[in-house]
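Please open the viewer with the model loaded and keep the selection tool ready. This tour suggests what to select at each stop and then describes what is there.

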Amino acid sequence: MALGRRERAQSRDSKSSRGAPLCERLQGGEETLPVLWDLTATMNEVKESLRSIEQKYKLFQQQQFTFIAALEHCRENAHDKIRPISSIEQVQSYMEHYCNNSTDRRILLMFMDICSELNKLCQHFEALHSGTPVTNSLLEKCKTLVSQSNDLSILRAKYPHDVVNHLSCDEARNHYGGVVSLIPIVLDLMKEWIAHSEKLPRKVLQHVSEILGNLETPAPAATSPAQTTVTQKWLGKHKYRQLAKESLKSSSKNKASLKPPWRPPGGKL
């Protein structure tokens, strides 16, 4: 009974350790590594996640005028007509405190959701491999751009993106050029990150997966004396059969070597 209770306790401990965040399991702290939202990440899954975000952004881009109108309404309600839209945090504040209709709230929430998914994808990227100077630089740019308080007022998406050109006038470009440029710029950086990462050796990409595999492998259970005896008997039989096969092969080779040399019928060597 005591042995059964001990095994159940060990099973619960191993399950709880596997469920803990990777940062706690590797370093024992929450700040050393990013929390992974998918421990079985692969490059294909990352690309699929990025494609999904791109599809959402296409729908959002088709409603850019609705987005600008919603920001304009919020700025009027907040009596904040001078400052440009300079951060994701500012958009969230407008949505929570100065948004008065469902249409404006829906489009602002759509923008916030895309930004949140981009932020999670940055964590996913960071978990795939340790990175190179090029990929690390791209990833740092992405993380900075999607942070809540980053100043995005000076951002301007360039060709082939035309989101800035769709703004109506100089005043609109000065106030909304950064916020409409944020998502396409981040998407381009992420595509570039994937392009560079796919050129890395497979060993580098599998580094974190191997660490996770080692962590997920449970410790071997203690074997009882009876199990050990049965295993030894089986190994002994297997070894005996192997030796018997090898001896038969060697004896057949010896017989072949003892045969007299072939001589033609009626002839001499």
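Before the first stop, it helps to know that an axis is a line fitted to C-alpha atoms, for helices over the stretch in contact, and that angles run from 0 to 180 degrees between N-to-C directions. Helices (H or I, at least four residues) and strands (E, at least two) are DSSP runs, numbered from the N terminus. The model is a predicted one, in which local features need pLDDT of at least 70 and side-chain atom pairs count only at pLDDT 80 or more, while totals for chains, interfaces and linings use all residues. Residues are numbered from 1 along each chain as its sequence is written, and side-chain values use heavy atoms, with hydrogens and water left out.

**The whole chain**

Begin with the whole chain in a cartoon view, where you can look for 11 helices and zero strands. Of the 269 residues of the chain, 31% count as buried (buried means under 20% relative accessible area, exposed over 50%, and partly exposed in between, with a 1.4 Å probe and protein chains only). The chain exposes about 17800 Å², and carbon and sulfur atoms supply 55% of that area, where accessible areas come from the Shrake-Rupley method with a 1.4 Å probe and, for residues, only the protein chains shown count as cover. Among contacts between residues at least 6 apart in sequence, 70% join residues at least 24 apart, a contact being heavy atoms within 4.5 Å.

**Helices α4 and α6**

Next, select residues 64-77, which form helix α4, together with residues 102-128, which form helix α6. How are these two helices placed relative to each other? They pack at an angle of about 110°, with their axes 9 Å apart, and α4 and α6 are therefore roughly perpendicular to each other. For such words, angles under 35 degrees count as roughly parallel, over 145 as roughly antiparallel, 65 to 115 as roughly perpendicular and the rest as oblique. Show the side chains of Thr66, Phe67, Ala70, Leu71, His73 and Cys74 on α4, and those of Thr103, Asp104, Arg106, Ile107, Leu108 and Phe111 on α6, since these residues make the contact. Sorted by class, the contact of α4 with α6 has seven nonpolar, three polar and two charged residues; here Ala, Val, Leu, Ile, Met, Phe, Trp, Tyr, Cys and Pro count as nonpolar, Asp, Glu, Lys and Arg as charged, and the others, Gly among them, as polar.

**Helix α5 against α6**

Keep α6 in the selection and add helix α5, residues 88-97, which packs against α6 at an angle of about 145°, with the axes 10 Å apart. On the α5 side the contact is made by Ile88, Val91, Gln92 and Met95, and on the α6 side by Arg105, Leu108, Leu109, Phe111, Met112 and Cys115. This contact of α5 with α6 has eight nonpolar, one polar and one charged residues.

**Around the loops beside α5**

Now select His79, in the loop between α4 and α5. His79 has a positive phi of about 55° although it is not a glycine, and with a relative accessible area of 74% it is exposed. Then move to Tyr98, in the loop between α5 and α6, which counts as partly exposed at 31% relative accessibility. Leaving aside residues up to four places away in sequence, Tyr98 touches Cys74, Asn77, Ala78 and Ser93. If you draw a distance from the C-alpha atom of Tyr98 to that of Arg75, 23 residues apart along the chain, the separation is 7.8 Å.

**Helices α6 and α7, and Met190**

Turn to α6 and α7, whose axes come within 9 Å and cross at roughly 155°. That makes α6 roughly antiparallel to α7. Here Cys122, Phe125 and Glu126 in α6 meet Leu139, Cys142 and Lys143 in α7, and the residues of this contact divide into four nonpolar, no polar and two charged.

From there, select Met190 in helix α8. Is Met190 buried or exposed? It is buried, with a relative accessible area of 0%. Not counting residues up to four places away in sequence, Met190 touches Leu50, Leu118, Leu121, Cys122, Phe125 and Cys142. Met190 and Leu50 are 140 residues apart in sequence, yet 8.0 Å apart in space, C-alpha to C-alpha.

**A last stop**

Finally, select Pro160 in the loop between α7 (133-145) and α8 (170-197). The peptide bond from Tyr159 to Pro160 is cis, with omega near 15°.
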